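Here is a guided walk through one protein chain, written to be read with the model open beside you. Please rotate along as we go.

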Amino acid sequence: MSGKNIVITGAGSGIGAETARRLAPGNRLVLHYHSAKEGALALREELAPVCAGVEVVEGNLTTDTGCEALSEEIGRRMDALDVLVNNAGGMIERQSVGDLTWDHLAATFALNTFSAMRLTSLCTGLLRRGGNDPCVVNVTSIAMRHGAPTATAYGASKAAMDSFTRGAAAELAPGIRVNAVAPGIIDTRFHERVTSADKMRQFVESTPLKRAGGVADVARTIEYLVGATFVTGETVDCNGGLTMR
Ligand SMILES: NC(=O)c1ccc[n+]([C@@H]2O[C@H](COP(=O)([O-])OP(=O)(O)OC[C@H]3O[C@@H](n4cnc5c(N)ncnc54)[C@H](OP(=O)(O)O)[C@@H]3O)[C@@H](O)[C@H]2O)c1
């Protein structure tokens, strides 16, 4: 795969950064970051020798203006887009069902759902001009399958992205493919605030492959979906067998 114009959100750390590493060779990248400026700039340095161009763009994607500003920056740098990876997201905090606040729900959906839906919408024109099997890959979560007790807002916000993936895939076909990867427990800073060491051990113990995933496991799945020219509207579970069907 080479000669593609690729945008990855949340590329300054974790899954997004590793996805950039995998997709970089021979392609042009726009790497979005929000707070991880140092990580994004270091990644630009690292990838410049192997890709056909790499730029970093800052943006808060939890607001409409933030999404619009990023799409405008993308449009200034690329006249067509082949791959959009909607990776930015996260669990703001754990809240039990009885404690759910409006602010928490709004913030969680803004971060995980509205951001990716709005950015996809804003990028459809550029994707239609892609011509090189353009596609979107959404990063959802195993939470959208098991409902995420103590993080139900997060699970629901990712489940909404699962539905959006199928709806958008049907609506944007045949021109643009839309798929999702649903990671299980992946060893990133994501868990630092929201998962205790004990909980992590329990997750690993209940995982058939008996380990947490690494960022490379998810990045490989995203790379597969980018190259899977006859696959659209699918969610690929990447969770060591936790939700095998
Ligand atoms: N790790 C897991 O076990 C796991 C499991 C299932 C799904 N996921 C999903 O995988 C994706 C990547 O997570 P990760 O594990 O790699 O953790 P991470 O390193 O914390 O990545 C989260 C990314 O979201 C970006 N982000 C956060 N707030 C933002 C905002 N307001 N505007 C724009 N971008 C924002 C961050 O950008 P900055 O760092 O630049 O602020 C960061 O790059 C997320 O969507 C997450 O929900 C992770």
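The text below moves from the whole chain to its sheet, its core and a few backbone details.

**Ground rules.** This is a predicted model, in which local features need pLDDT of at least 70 and side-chain atom pairs count only at pLDDT 80 or more, while totals for chains, interfaces and linings use all residues. Residues are numbered from 1 along each chain as its sequence is written.

**The whole chain.** The chain holds nine helices and seven strands; helices (H or I, at least four residues) and strands (E, at least two) are DSSP runs, numbered from the N terminus. Its radius of gyration is 17 Å, close to the 18 Å that the globule rule gives for 245 residues, so the chain is as compact as a globular protein of that length. That radius is taken over C-alpha atoms, and the globule rule is 2.2 Å times the number of residues to the power 0.38. Along its principal axes, the C-alpha trace spans about 45 × 35 × 35 Å.

Buried residues account for 46% of the 245 residues. Here a residue is buried if 20 or more other C-beta atoms lie within 10 Å of its own, exposed if 12 or fewer, and partly exposed in between, with C-beta atoms placed from the backbone. Among contacts between residues at least 6 apart in sequence, 72% join residues at least 24 apart; a contact means that the C-beta atoms of two residues, placed from the backbone, lie within 7 Å.

**The sheet.** Seven strands form an open sheet in the order 3-2-1-4-5-6-7, with parallel pairing. Two strands pair if DSSP finds at least two bridges between them. Strand 3 and strand 7 (235-238) are the edge strands, each pairing on one side only. From one strand to the next, the twist averages 15 degrees; axes are lines fitted to C-alpha atoms, for helices over the stretch in contact, and angles run from 0 to 180 degrees between N-to-C directions.

Three of the parallel pairs are set out here, each with one bridged residue pair.

| Strands | Bridges | One residue pair |
|---|---|---|
| Strand 2 (residues 28-33) and strand 3 (residues 53-58) | six | leucine 31 and valine 56 |
| Strand 1 and strand 4 | three | isoleucine 8 and valine 85 |
| Strand 4 (residues 83-86) and strand 5 | four | leucine 84 and valine 136 |

Two of the connections can be traced as right-handed β-α-β units: strand 2, helix 2 (residues 37-47) and strand 3 make one, and strand 4, helix 4 (residues 102-128) and strand 5 make another. Right-handed means that, with the strands pointing away from the viewer, the path from the first strand over the helix to the second runs clockwise.

Helices also lie against the sheet. Helix 1 (residues 14-23) lies across strand 1 (5-8), strand 2, strand 4, strand 5 and strand 6 (177-183), at about 165 degrees to strand 1. Helix 9 (residues 215-227) touches strand 4, strand 5, strand 6 and strand 7, and its direction makes about 165 degrees with that of strand 6. Strand 4 is covered on both faces, with Val83 and Val85 buried on one side and Leu84 and Asn86 buried on the other. In a regular strand the side chains alternate between the two faces of the sheet.

**The core.** Which residues touch the most other members of the largest nonpolar core? They are Ala20, Leu29, Leu31, Val137 and Val181, in a core of 66 residues. Helix 6 (residues 152-172) gives the largest share, eight residues. Such a core is a set of buried Ala, Val, Leu, Ile, Met, Phe, Trp, Tyr and Cys residues joined through C-beta atoms within 7 Å.

Beyond its neighbours within four places in sequence, leucine 31 contacts Ile8, Ala11, Ala20, Ala40, Leu43, Arg44, Val54 and Val56. Valine 139, in strand 5 (residues 135-139), is buried, with 28 other C-beta atoms within 10 Å. Not counting residues up to four places away, valine 139 touches Ile15, Asn86, Asn87, Gly89, Val181 and Pro183.

**Backbone details.** Most residues other than glycine have a negative phi, and most peptide bonds are trans. Alanine 148, in the loop between helix 5 (143-146) and helix 6, has a positive phi near 55 degrees and is buried, with 20 other C-beta atoms within 10 Å. Lysine 210 also has a positive phi, near 55 degrees, but is exposed, with 10 other C-beta atoms within 10 Å. The loop of lysine 210 runs between helix 8 (197-206) and helix 9. Finally, the peptide bond from alanine 173 to proline 174 is cis, with omega near 5 degrees, and proline 174 sits in the loop between helix 6 and strand 6.
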